[in-house]
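I opened this notebook to keep a record of what I looked up in one structure, entry by entry. I begin with the cysteines, then turn to the chain as a whole, to helix packing and to single residues.

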Amino acid sequence: MSRMMIFWLLIVSSAIVSAGYLLWGVCIRKRVLKKKGQEVNEKDWETYVLKGIVMLLCPVIGPCYFLATQLLHLLLFRQDVDLEDVVFSKERVETHVHADEERERNMVPLEEAIAVSDKGSLRTLMLNVIRGDIQNSLSSIALALNSKDSETSHYAASVLQDELNNFRVNVQKMCAEIEQEDENQTDYELFLITYMNSVLEQKIFLEMEQENFVHILAKAGESLYGKDKQKLTSEYYEWICLRLLDIRDFAEMEKWCGRAFEQYPKALSAYTCRLKLYFTTGRREKFFQVLEQLKQSKIVIDKETLELIRIFS
(Lines give C-alpha, C1' and ligand atoms only; values in the text may rest on other atoms or scores of the structure.)
Protein backbone atom coordinates (compact mmCIF):
# COMPACT_ATOMS: atom_id res chain seq x y z
CA MET A 1 0.00 0.00 0.00
CA SER A 2 1.50 3.31 -1.10
CA ARG A 3 1.99 6.25 1.23
CA MET A 4 -0.58 8.27 -0.69
CA MET A 5 -3.23 5.60 -0.11
CA ILE A 6 -2.36 5.48 3.60
CA PHE A 7 -2.65 9.27 3.78
CA TRP A 8 -6.11 9.33 2.18
CA LEU A 9 -7.20 6.40 4.31
CA LEU A 10 -6.30 8.39 7.44
CA ILE A 11 -8.13 11.45 6.13
CA VAL A 12 -11.28 9.47 5.34
CA SER A 13 -11.14 7.62 8.68
CA SER A 14 -10.81 10.91 10.58
CA ALA A 15 -13.73 12.36 8.64
CA ILE A 16 -15.89 9.32 9.50
CA VAL A 17 -14.90 9.49 13.19
CA SER A 18 -15.54 13.24 13.29
CA ALA A 19 -18.95 12.88 11.60
CA GLY A 20 -19.91 10.04 13.95
CA TYR A 21 -18.88 12.09 16.96
CA LEU A 22 -20.93 15.08 15.80
CA LEU A 23 -23.93 12.83 15.07
CA TRP A 24 -23.76 11.42 18.59
CA GLY A 25 -23.27 14.79 20.28
CA VAL A 26 -25.91 16.78 18.38
CA CYS A 27 -28.63 14.21 17.60
CA ILE A 28 -28.46 10.91 19.47
CA ARG A 29 -27.35 12.35 22.82
CA LYS A 30 -30.20 14.90 22.65
CA ARG A 31 -32.76 12.08 22.47
CA VAL A 32 -31.07 10.17 25.32
CA LEU A 33 -31.15 13.23 27.61
CA LYS A 34 -34.79 13.93 26.80
CA LYS A 35 -35.74 10.37 27.69
CA LYS A 36 -34.03 10.84 31.06
CA GLY A 37 -35.95 14.09 31.61
CA GLN A 38 -32.79 16.23 31.54
CA GLU A 39 -32.41 19.58 29.81
CA VAL A 40 -30.17 19.90 26.76
CA ASN A 41 -27.42 22.46 27.20
CA GLU A 42 -26.48 24.39 24.05
CA LYS A 43 -22.92 24.78 25.32
CA ASP A 44 -22.50 20.99 25.09
CA TRP A 45 -23.35 21.16 21.39
CA GLU A 46 -20.68 23.81 20.85
CA THR A 47 -18.17 21.55 22.58
CA TYR A 48 -19.02 18.62 20.30
CA VAL A 49 -18.72 20.80 17.17
CA LEU A 50 -15.32 22.18 18.21
CA LYS A 51 -13.97 18.73 19.07
CA GLY A 52 -15.27 17.37 15.76
CA ILE A 53 -13.46 20.11 13.83
CA VAL A 54 -10.22 19.41 15.73
CA MET A 55 -10.47 15.67 14.96
CA LEU A 56 -11.06 16.46 11.29
CA LEU A 57 -8.11 18.86 11.03
CA CYS A 58 -5.76 16.65 13.08
CA PRO A 59 -6.12 13.08 11.77
CA VAL A 60 -5.13 10.29 14.17
CA ILE A 61 -3.71 12.68 16.79
CA GLY A 62 -7.03 14.46 17.43
CA PRO A 63 -9.22 11.36 17.90
CA CYS A 64 -6.52 9.60 19.93
CA TYR A 65 -6.12 12.61 22.24
CA PHE A 66 -9.86 12.94 22.97
CA LEU A 67 -10.20 9.15 23.36
CA ALA A 68 -7.35 9.10 25.89
CA THR A 69 -8.77 12.02 27.91
CA GLN A 70 -12.22 10.40 27.96
CA LEU A 71 -10.77 7.10 29.19
CA LEU A 72 -8.84 8.91 31.94
CA HIS A 73 -12.01 10.72 32.98
CA LEU A 74 -13.97 7.47 33.17
CA LEU A 75 -11.24 5.65 35.10
CA LEU A 76 -10.26 8.37 37.56
CA PHE A 77 -13.13 10.81 37.99
CA ARG A 78 -16.41 9.15 36.98
CA GLN A 79 -17.27 7.71 40.37
CA ASP A 80 -20.59 7.59 42.22
CA VAL A 81 -20.93 10.12 44.99
CA ASP A 82 -20.89 8.53 48.42
CA LEU A 83 -23.63 10.50 50.18
CA GLU A 84 -22.91 8.75 53.47
CA ASP A 85 -19.97 11.08 53.99
CA VAL A 86 -22.09 14.19 53.31
CA VAL A 87 -23.46 15.42 56.61
CA PHE A 88 -26.29 17.91 56.27
CA SER A 89 -25.83 19.48 59.66
CA LYS A 90 -26.07 23.15 60.64
CA GLU A 91 -23.35 22.53 63.24
CA ARG A 92 -20.77 21.87 60.54
CA VAL A 93 -21.56 24.98 58.52
CA GLU A 94 -19.81 28.26 59.21
CA THR A 95 -21.66 31.14 57.64
CA HIS A 96 -19.64 34.05 56.32
CA VAL A 97 -21.31 37.34 55.48
CA HIS A 98 -19.68 39.15 52.59
CA ALA A 99 -17.87 42.26 53.64
CA ASP A 100 -19.50 45.63 53.23
CA GLU A 101 -16.48 47.83 52.53
CA GLU A 102 -18.06 51.06 53.74
CA ARG A 103 -19.14 49.42 56.95
CA GLU A 104 -15.85 47.57 57.52
CA ARG A 105 -13.83 50.78 57.42
CA ASN A 106 -15.29 51.59 60.85
CA MET A 107 -16.14 48.14 62.07
CA VAL A 108 -12.84 46.28 61.80
CA PRO A 109 -10.69 48.76 63.74
CA LEU A 110 -13.22 48.73 66.58
CA GLU A 111 -13.16 44.94 66.78
CA GLU A 112 -9.39 44.96 66.99
CA ALA A 113 -9.32 47.86 69.43
CA ILE A 114 -11.41 45.98 71.99
CA ALA A 115 -8.52 43.59 72.51
CA VAL A 116 -5.94 46.30 73.25
CA SER A 117 -5.35 48.14 76.48
CA ASP A 118 -5.12 51.65 75.04
CA LYS A 119 -8.38 53.10 76.41
CA GLY A 120 -7.85 56.45 74.72
CA SER A 121 -7.59 54.87 71.26
CA LEU A 122 -10.56 52.64 71.93
CA ARG A 123 -12.77 55.55 72.95
CA THR A 124 -11.68 57.56 69.90
CA LEU A 125 -12.52 54.67 67.57
CA MET A 126 -15.84 54.21 69.31
CA LEU A 127 -16.73 57.84 68.73
CA ASN A 128 -15.75 57.55 65.06
CA VAL A 129 -18.15 54.65 64.65
CA ILE A 130 -20.95 56.54 66.41
CA ARG A 131 -20.47 59.53 64.13
CA GLY A 132 -20.95 57.28 61.11
CA ASP A 133 -23.91 55.14 60.08
CA ILE A 134 -24.97 53.71 63.45
CA GLN A 135 -27.76 51.53 62.03
CA ASN A 136 -25.32 49.49 59.94
CA SER A 137 -22.76 49.27 62.76
CA LEU A 138 -24.92 47.84 65.54
CA SER A 139 -23.18 44.47 65.57
CA SER A 140 -19.84 46.25 65.83
CA ILE A 141 -21.06 48.45 68.68
CA ALA A 142 -22.42 45.37 70.46
CA LEU A 143 -18.88 43.96 70.59
CA ALA A 144 -17.82 46.95 72.70
CA LEU A 145 -20.23 45.83 75.44
CA ASN A 146 -17.58 43.31 76.50
CA SER A 147 -14.83 45.90 76.67
CA LYS A 148 -12.76 46.03 79.88
CA ASP A 149 -13.03 49.81 79.74
CA SER A 150 -16.20 50.56 81.70
CA GLU A 151 -16.68 53.95 80.03
CA THR A 152 -16.57 52.42 76.54
CA SER A 153 -18.93 49.55 77.43
CA HIS A 154 -21.35 51.98 79.12
CA TYR A 155 -21.32 54.29 76.11
CA ALA A 156 -21.86 51.35 73.73
CA ALA A 157 -24.78 50.07 75.85
CA SER A 158 -26.39 53.49 75.88
CA VAL A 159 -26.09 54.00 72.11
CA LEU A 160 -27.23 50.46 71.35
CA GLN A 161 -30.27 50.75 73.61
CA ASP A 162 -31.31 54.05 72.02
CA GLU A 163 -30.98 52.68 68.49
CA LEU A 164 -32.88 49.48 69.21
CA ASN A 165 -35.66 51.42 70.92
CA ASN A 166 -35.87 53.70 67.89
CA PHE A 167 -36.05 50.64 65.68
CA ARG A 168 -38.93 49.18 67.70
CA VAL A 169 -40.87 52.45 67.59
CA ASN A 170 -40.27 52.97 63.86
CA VAL A 171 -41.36 49.44 63.00
CA GLN A 172 -44.53 49.86 65.06
CA LYS A 173 -45.35 53.16 63.33
CA MET A 174 -44.78 51.78 59.84
CA CYS A 175 -46.90 48.71 60.57
CA ALA A 176 -49.72 51.03 61.63
CA GLU A 177 -49.30 53.03 58.41
CA ILE A 178 -49.46 49.85 56.32
CA GLU A 179 -52.82 48.97 57.86
CA GLN A 180 -54.16 52.38 56.85
CA GLU A 181 -52.83 52.31 53.29
CA ASP A 182 -55.03 51.95 50.25
CA GLU A 183 -54.89 48.78 48.15
CA ASN A 184 -52.65 50.48 45.59
CA GLN A 185 -50.18 52.01 48.08
CA THR A 186 -46.96 50.09 48.75
CA ASP A 187 -44.49 52.75 49.91
CA TYR A 188 -44.38 51.68 53.54
CA GLU A 189 -43.96 47.98 52.71
CA LEU A 190 -41.01 48.74 50.44
CA PHE A 191 -39.32 50.92 53.02
CA LEU A 192 -40.04 48.58 55.93
CA ILE A 193 -38.51 45.52 54.22
CA THR A 194 -35.26 47.37 53.51
CA TYR A 195 -35.17 49.06 56.91
CA MET A 196 -35.83 45.92 58.93
CA ASN A 197 -33.47 43.68 56.97
CA SER A 198 -30.51 46.05 57.50
CA VAL A 199 -30.92 45.61 61.26
CA LEU A 200 -32.15 42.01 61.52
CA GLU A 201 -29.27 40.62 59.44
CA GLN A 202 -26.91 41.82 62.19
CA LYS A 203 -28.70 39.57 64.73
CA ILE A 204 -28.62 42.04 67.61
CA PHE A 205 -31.88 41.08 69.30
CA LEU A 206 -32.50 38.14 71.60
CA GLU A 207 -33.90 35.03 69.96
CA MET A 208 -37.58 35.61 70.77
CA GLU A 209 -37.59 39.26 69.72
CA GLN A 210 -35.58 38.49 66.57
CA GLU A 211 -38.14 35.87 65.63
CA ASN A 212 -41.01 38.30 66.21
CA PHE A 213 -39.43 40.98 64.00
CA VAL A 214 -38.67 38.48 61.22
CA HIS A 215 -42.34 37.52 61.15
CA ILE A 216 -43.23 41.22 60.89
CA LEU A 217 -40.81 41.49 57.97
CA ALA A 218 -42.44 38.50 56.27
CA LYS A 219 -45.88 39.99 56.92
CA ALA A 220 -44.81 43.23 55.19
CA GLY A 221 -43.58 41.13 52.28
CA GLU A 222 -46.92 39.29 52.22
CA SER A 223 -48.77 42.61 52.07
CA LEU A 224 -46.59 43.79 49.19
CA TYR A 225 -47.01 40.45 47.39
CA GLY A 226 -50.78 40.75 47.63
CA LYS A 227 -50.88 44.35 46.39
CA ASP A 228 -48.23 44.30 43.65
CA LYS A 229 -45.79 41.40 43.61
CA GLN A 230 -43.93 42.94 40.67
CA LYS A 231 -42.39 45.41 43.14
CA LEU A 232 -40.85 42.52 45.07
CA THR A 233 -37.36 42.32 43.58
CA SER A 234 -35.23 39.17 43.73
CA GLU A 235 -33.18 40.90 46.41
CA TYR A 236 -36.28 41.40 48.60
CA TYR A 237 -37.15 37.73 48.19
CA GLU A 238 -33.63 36.76 49.22
CA TRP A 239 -33.74 38.99 52.33
CA ILE A 240 -37.02 37.48 53.49
CA CYS A 241 -35.83 33.92 52.84
CA LEU A 242 -32.54 34.37 54.68
CA ARG A 243 -34.14 36.01 57.69
CA LEU A 244 -36.65 33.14 57.90
CA LEU A 245 -33.74 30.74 57.67
CA ASP A 246 -32.09 32.52 60.62
CA ILE A 247 -35.08 31.72 62.84
CA ARG A 248 -35.49 28.23 61.27
CA ASP A 249 -39.02 28.83 60.00
CA PHE A 250 -38.50 26.38 57.15
CA ALA A 251 -42.13 26.04 56.07
CA GLU A 252 -42.55 29.78 55.56
CA MET A 253 -39.14 30.03 53.88
CA GLU A 254 -40.02 27.27 51.41
CA LYS A 255 -43.16 29.21 50.44
CA TRP A 256 -41.08 32.32 49.72
CA CYS A 257 -38.45 30.29 47.87
CA GLY A 258 -41.18 28.96 45.59
CA ARG A 259 -42.47 32.44 44.93
CA ALA A 260 -38.97 33.73 44.18
CA PHE A 261 -38.29 30.95 41.66
CA GLU A 262 -41.69 31.43 40.04
CA GLN A 263 -41.18 35.18 39.56
CA TYR A 264 -37.39 35.23 38.98
CA PRO A 265 -36.38 31.85 37.49
CA LYS A 266 -33.19 33.37 36.06
CA ALA A 267 -32.02 34.97 39.34
CA LEU A 268 -29.16 33.24 41.16
CA SER A 269 -30.76 33.90 44.56
CA ALA A 270 -33.82 31.85 43.51
CA TYR A 271 -31.52 28.83 43.47
CA THR A 272 -29.13 29.61 46.33
CA CYS A 273 -31.96 30.21 48.81
CA ARG A 274 -33.43 26.80 48.03
CA LEU A 275 -30.01 25.18 48.27
CA LYS A 276 -29.50 26.69 51.73
CA LEU A 277 -32.98 25.57 52.79
CA TYR A 278 -32.56 21.97 51.64
CA PHE A 279 -29.02 21.77 52.99
CA THR A 280 -30.10 22.99 56.42
CA THR A 281 -33.11 20.65 56.56
CA GLY A 282 -31.13 17.66 55.27
CA ARG A 283 -33.31 17.10 52.19
CA ARG A 284 -30.62 15.60 49.97
CA GLU A 285 -32.74 14.69 46.97
CA LYS A 286 -34.18 18.20 46.72
CA PHE A 287 -30.74 19.73 47.26
CA PHE A 288 -29.11 17.83 44.38
CA GLN A 289 -32.14 18.40 42.15
CA VAL A 290 -31.82 22.20 42.53
CA LEU A 291 -28.03 21.94 42.17
CA GLU A 292 -28.45 20.11 38.86
CA GLN A 293 -30.97 22.72 37.66
CA LEU A 294 -28.48 25.47 38.45
CA LYS A 295 -25.67 23.64 36.62
CA GLN A 296 -27.84 23.24 33.52
CA SER A 297 -28.94 26.89 33.49
CA LYS A 298 -27.15 29.83 31.91
CA ILE A 299 -27.12 31.86 35.13
CA VAL A 300 -23.84 33.58 36.00
CA ILE A 301 -22.87 32.28 39.42
CA ASP A 302 -20.67 33.83 42.09
CA LYS A 303 -17.53 32.32 43.60
CA GLU A 304 -19.30 30.90 46.67
CA THR A 305 -21.92 29.07 44.61
CA LEU A 306 -19.30 27.82 42.13
CA GLU A 307 -17.34 26.29 44.99
CA LEU A 308 -20.53 24.62 46.22
CA ILE A 309 -21.10 23.07 42.79
CA ARG A 310 -17.51 21.80 42.65
CA ILE A 311 -17.80 20.15 46.06
CA PHE A 312 -21.00 18.24 45.32
CA SER A 313 -20.50 17.49 41.60
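**Entry 1: cysteines.** I searched the whole structure, which is a predicted model, for disulfides and found zero of them. A disulfide is a covalent bond between the sulfur atoms of two cysteines, so I wanted to know how far apart the sulfurs are in a case that I could check. How far is the sulfur of C257 from the closest cysteine sulfur? The closest one belongs to C241, at 3.8 Å, and I noted this as too far for a bond, because the cut-off for a disulfide is a pair of sulfur atoms within 2.5 Å. I then asked whether C257 is buried or exposed; its relative accessibility is 2%, so I entered C257 as buried. For C175 I noted a relative accessibility of 24%, and therefore C175 counts as partly exposed.

**Entry 2: the chain as a whole.** I counted the secondary structure elements next, and the chain has 14 helices and zero strands. Of the 313 residues in the chain, buried residues make up 33%. I also looked at contacts between residues at least 6 apart in sequence, and 62% of these join residues at least 24 apart.

**Entry 3: α9 against α10.** Two packed helices are described by the angle between their axes and the distance between the axes, so I recorded both for each pair that I looked up. The axes of α9 and α10 cross at roughly 150° and come within 10 Å, and the two helices are therefore roughly antiparallel to each other. The crossing in which α9 passes α10 is left-handed. On the α9 side I listed V214, L217, A218, G221, L224 and Y225, which meet Y236, Y237, I240, R243 and L244 in α10. By class, the residues of this contact between α9 and α10 divide into nine nonpolar, one polar and one charged.

**Entry 4: α10 against α11.** I moved on to helix α10, residues 234-246, and helix α11, residues 250-263, which pack at an angle of about 160° with their axes 9 Å apart. I therefore entered α10 and α11 as roughly antiparallel to each other, and the crossing of α10 past α11 as left-handed. The contact is made by Y237, I240, C241, L244 and L245 of α10, together with F250, E252, M253, W256, C257, R259, A260 and Q263 of α11. The residues of this contact of α10 with α11 divide into 10 nonpolar, one polar and two charged. I noted that C241 and C257, the cysteines of my first entry, are both among the residues of this contact.

**Entry 5: α11 against α12.** How are the axes of α11 and helix α12, residues 268-281, placed? The two helices pack at an angle of about 155°, with their axes 9 Å apart, and that makes α11 roughly antiparallel to α12. I entered the crossing of α11 past α12 as left-handed. From α11, the residues F250, M253, E254, C257, A260 and F261 meet A270, Y271, C273, R274, L277, Y278, T280 and T281 in α12. These residues of the contact of α11 with α12 divide into 10 nonpolar, two polar and two charged.

**Entry 6: single residues in helices.** I looked up E189, whose place is in helix α8, residues 187-200, and asked whether E189 is buried or exposed. Its relative accessibility is 0%, so E189 counts as buried. Leaving out residues up to four places away in sequence, I found that E189 touches I178, E181, A220, S223, L224 and K227; L224 is also one of the α9 residues that meet α10. In helix α7, residues 150-180, I looked up L160, which is buried with a relative accessible area of 9%. The C-alpha atoms of L160 and L138 are separated by 6.8 Å, although these residues are 22 apart along the chain.

**Entry 7: backbone angles in loops.** Last, I noted positive phi values in residues other than glycine. K203 has a phi near 55° and is found in the loop between α8 and α9. R248 has a positive phi of about 60°, and its place is in the loop between α10 and α11. With a relative accessibility of 45%, R248 counts as partly exposed.

Key:
Residues numbered from 1 in each chain as written. Predicted model: local features only at pLDDT ≥ 70, side-chain atom pairs only at ≥ 80, totals over all residues. Heavy atoms only, no water. Axes fitted to C-alpha atoms, helices over the stretch in contact; angles between N-to-C directions. Helix = DSSP H or I, 4+ residues; strand = E, 2+ residues; numbered from the N terminus. Parallel < 35°, antiparallel > 145°, perpendicular 65-115°, else oblique. Left-handed = near helix turned anticlockwise from the far one by under 90°. Contact = heavy atoms within 4.5 Å. Nonpolar A, V, L, I, M, F, W, Y, C, P; charged D, E, K, R; others polar. Buried < 20%, exposed > 50% of the residue type's maximum accessible area, 1.4 Å probe, protein only.
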